[in-house]
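User: I'm in my first year and still learning how to read a structure. Please pick one part of this one, look at it closely, and walk me through what surrounds it.

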Amino acid sequence: APLHLIRLTEERCAVYAPELFPTVNFKVRGLTFSCFWNGKVVITGIKKTSDVDGIICPTLVELELYTT
């Protein structure tokens, strides 16, 4: 589902510079989330499989709050 990028930027203290790259970027405990307007998310910095349950899944559930 599409994401509301402006609201996401304001509430998560994230970086959004659409003139440079059309994603909202924010970090959670060493992982970088790049969120596109269409709802796709690229996650970088994963080092352990435990990051999936401990960081990634909760963050993706939270991102559902920003769907339009």
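Analyst: Let's start at Cys13, which lies in the loop between helix 1 and strand 1 (15-17). Keep in mind as we go that this is a predicted model. Cys13 counts as exposed because its relative accessible area is 74%, over the 50% cut-off. Its backbone deserves a second glance too: Cys13 has a positive phi of about 50°, although it is not a glycine. Here is some background for that remark: most residues other than glycine have a negative phi.

There is another residue to put beside it. Arg29 is also not a glycine, and its phi is positive, near 45°. You will find Arg29 in the loop between strand 2 and strand 3. With a relative accessible area of 63%, Arg29 is exposed.

Now follow the chain back from that loop into strand 2, which covers residues 21-28 and contains Phe26. Is Phe26 buried or exposed? Its relative accessible area is just 5%, so Phe26 is buried, since the cut-off for buried is under 20%. What does Phe26 touch, once residues up to four places away in sequence are set aside? The list is Leu8, Arg12, Ala14, Leu31, Thr32, Phe33, Cys35, Thr59 and Leu63.

Several of those names come back when we turn to the core. The largest nonpolar core has 14 residues, and those touching the most other members are Leu8, Val24, Phe26, Phe33, Cys35 and Leu63. Where does this core draw its residues from? Helix 1 (5-12), strand 2, strand 3 and helix 2 (50-63) each supply at least two of them. A general tendency is worth remembering here: in soluble globular proteins, nonpolar side chains tend to be buried together.

Next, the aromatic rings. A pair of aromatic rings is described by the distance of the centres and the angle of the planes. How many aromatic pairs are counted here? The count comes to two. One is made by Phe21 and Phe36, whose ring centres are 6.0 Å apart with planes at 70°, so this pair is edge-to-face. Phe21 belongs to strand 2 and Phe36 to strand 3, and with 15 residues separating them, the pair links distant parts of the chain. Phe21 has 47% relative accessibility and therefore counts as partly exposed. Phe36, with a relative accessible area of 23%, is partly exposed as well.

Our friend Phe26 forms a pair with Phe33: their ring centres are 5.4 Å apart and their planes meet at 5°, so the pair is stacked. Phe33 is buried, as its relative accessible area is 0%.

Strand 3 (residues 31-36) also holds Ser34. Ser34 is buried because its relative accessible area is 16%. Its side chain has a polar contact of 2.7 Å with the side chain of Asn25. Leaving aside neighbours within four places in sequence, Ser34 contacts Thr23, Val24, Asn25, Lys40, Val41 and Val42.

Moving on to strand 4 (41-44), we come to Thr44. Thr44 counts as partly exposed because its relative accessibility is 43%. Apart from neighbours within four places in sequence, Thr44 is in contact with Gly30, Leu31 and Thr32. How far is Thr44 from Phe26? From C-alpha to C-alpha the two are 11 Å apart in space, with a sequence separation of 18 residues. Between Thr44 and Pro18, the C-alpha distance is 20 Å and the sequence separation is 26 residues.

Our last stop is helix 2, which has already appeared as a supplier of the core. Helix 2 has 14 residues and reaches 20 Å from its first C-alpha to its last, close to the 20 Å expected at 1.5 Å a residue. The helix has a kink of about 35° at Ile56, shortly before the proline Pro58. Which residues of helix 2 are buried? They are Asp51, Ile55, Ile56, Thr59 and Leu63. In an α-helix there are 3.6 residues a turn, so residues three or four places apart point the same way. The buried residues of helix 2 pack against helix 1, strand 2, strand 3 and strand 4. This brings us back to Phe26, whose contacts include Thr59 and Leu63.

Terms used: Residues are numbered from 1 along each chain as its sequence is written. This is a predicted model: local features need pLDDT of at least 70, side-chain atom pairs count only at pLDDT 80 or more; totals for chains, interfaces and linings use all residues. Side-chain values use heavy atoms; hydrogens and water are left out. Helices (H or I, at least four residues) and strands (E, at least two) are DSSP runs, numbered from the N terminus. Buried means under 20% relative accessible area, exposed over 50%, partly exposed in between (1.4 Å probe, protein chains only). A polar contact is a pair of N or O atoms within 3.5 Å; within protein, one must be able to donate a hydrogen and the other to accept it, and residues adjacent in sequence count only if both atoms are side-chain atoms. Contact means heavy atoms within 4.5 Å. A nonpolar core is a set of buried Ala, Val, Leu, Ile, Met, Phe, Trp, Tyr and Cys residues joined through side-chain atoms within 4.5 Å. Rings of Phe, Tyr and Trp (its six-membered ring) pair if their centres lie within 6.5 Å; planes under 30 degrees apart count as stacked, over 60 as edge-to-face and the rest as tilted. The expected span of a helix is 1.5 Å times one less than its number of residues. The bend at a residue is the angle between axes fitted to the seven residues ending there and the seven starting there.
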